[in-house]
Amino acid sequence: MSKILNLATPLPVAEKVEDLMDIVTDTFSAQFRFIQNNGEDLMDLVTSGLTAIPPYVFILIIAVLAFFATGKKFGLAIFSIIGLLFILNQGLWDQLMNTFTLVLFSSLIAIVIGIPLGILMSKSKVLEEILKPILDFMQTMPGFVYLIPAVAFFGIGVVPGVFASVIFALPPTVRFTNLGIRQVPTHLIEAADSYGSTFTQKLVKVELPLSRSTIMAGINQTVLLSLSMVVIASMIGAPGLGREVLSALQRAQIGNGFVAGISLVIFAIIVDRLTQSLNKEKSNGGK
């Protein structure tokens, strides 16, 4: 049996995939170039705007936001001040702002695509059965692999980094939106139907408000997955703290790598706690 398998001609999968990629890149080259140029300009503009804010003012804004988001508790606010002052002290402020821009765009695009997709998924059993294995595939595929189509379509830079991050971070928002809407009690849906609610009224006034906590949990996961792609995206030229980690790794500079890594952890903790606090605040407000 093994001899038969050894003699079998390998299927030309790699060649076919390359042919498909060539067709896609040739057909949509103008669109990819448009997105690359304008996307990079837009992100440079946002990063310039963020770096134009004096660091101490930015830190104060984050601290105040953390204070009120956590119900006027000082824990996260004090951590944000100390953590961001540490990053500033280490000369990594500009890299932090580049990372912030990358995570911001990746998360926003993933949320804008993911929530409508999750809503459609919750309304159609057929679509759910089609999308589930695709989402499984997207989540189990190593993030590094997404750099291959990103480079083929957009070259190198921050735009392909955002593209790869969006694909990697999209599934949680889709899954949690679908789950949240499906968990809305049936009797509330029936009550809305009995009052003659339209599809939009039922969705906006009943289903989305009641599933908001679950959807926010998915958004939190999407933001953190976008952040986890920062170092991987730096391999194709995306700027930010990830590039510092990669540079330290290539030069075996353990200290610099440690500082850049700790800065990423500080940023991740602030983002995670802030999004979780906003979710709790919304949930409590809805009671």
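**Exercise 1. Classify the exposure of Asp-136 and identify the salt bridge that its side chain forms in this predicted model.**

Solution.
Step 1. Asp-136 has a relative accessibility of 39%. Partly exposed residues fall between the limits of 20% and 50%, so Asp-136 counts as partly exposed.
Step 2. The side chain of Asp-136 meets that of Arg-175 in a salt bridge, with an N to O distance of 2.3 Å.
Step 3. Asp-136 belongs to helix H7 and Arg-175 to helix H9, so this pair ties together parts 39 residues apart in sequence.
Step 4. Arg-175, at 24% relative accessibility, is likewise partly exposed.

**Exercise 2. Determine which parts the salt bridge between Glu-128 and Arg-182 ties together, and state whether each residue is buried or exposed to some degree.**

Solution.
Step 1. The two side chains meet at 3.3 Å, N to O, which satisfies the 4 Å cut-off for a salt bridge.
Step 2. Glu-128 lies in helix H7 (residues 125-140) and Arg-182 in helix H9, so the bridge ties together parts separated by 54 residues in sequence.
Step 3. Glu-128 is buried, at 4% relative accessible area, whereas Arg-182 is partly exposed at 36%.
Step 4. Both residues belong to a network of salt bridges that also links Lys-125 and Lys-132.

**Exercise 3. Describe the largest pocket by volume, lining and contributing elements.**

Solution.
Step 1. The volume of the largest pocket is about 700 Å³.
Step 2. Its lining comprises 27 residues, and those closest to the centre are Leu-104, Val-223, Val-271, Thr-275 and Leu-278.
Step 3. Two or more lining residues come from each of H4, helix H6 (93-123), helix H11 (199-210), helix H12 (212-228) and helix H15 (254-286). H6 gives the most, with nine residues.
Step 4. By class, the lining holds 24 nonpolar, two polar and one charged residues.

**Exercise 4. Carry out the corresponding description for the second largest pocket.**

Solution.
Step 1. This pocket holds about 230 Å³ of space.
Step 2. Of its 13 lining residues, Ile-35, Ile-109, Val-162, Phe-163 and Val-166 lie nearest the centre.
Step 3. Helix H3 (29-52), H6 and helix H9 (158-182) each supply two or more lining residues, and H9 gives the most, with six.
Step 4. The lining divides into twelve nonpolar, one polar and no charged residues.

**Exercise 5. Identify the residues of the nonpolar surface patch and the helix that gives the most to it.**

Solution.
Step 1. Tyr-56, Phe-74, Ile-78, Ile-81, Ile-82 and Leu-85 make a patch of about 620 Å².
Step 2. Helix H5 (residues 75-89) gives the most, with four residues.
Step 3. Tyr-56 is located in helix H4 (residues 55-69) and is exposed, at 60% relative accessibility.

Definitions and conventions
Residues numbered from 1 in each chain as written. Predicted model: local features only at pLDDT ≥ 70, side-chain atom pairs only at ≥ 80, totals over all residues. Heavy atoms only, no water. Patch = residues over 30% accessible without salt bridge, like charges linked within 9 Å, V, L, I, M, F, W, Y side chains within 5 Å. Areas by Shrake-Rupley, 256 points an atom, 1.4 Å probe, with all protein chains shown as cover. Buried < 20%, exposed > 50% of the residue type's maximum accessible area, 1.4 Å probe, protein only. 1 Å grid on protein atoms, 1.4 Å probe; cavity = no way out; pocket = protein on both sides within 12 Å on 5 of 7 lines; lining within 4 Å. Points joined across faces, edges and corners; volume = space filled by probe spheres on them. Nonpolar A, V, L, I, M, F, W, Y, C, P; charged D, E, K, R; others polar.
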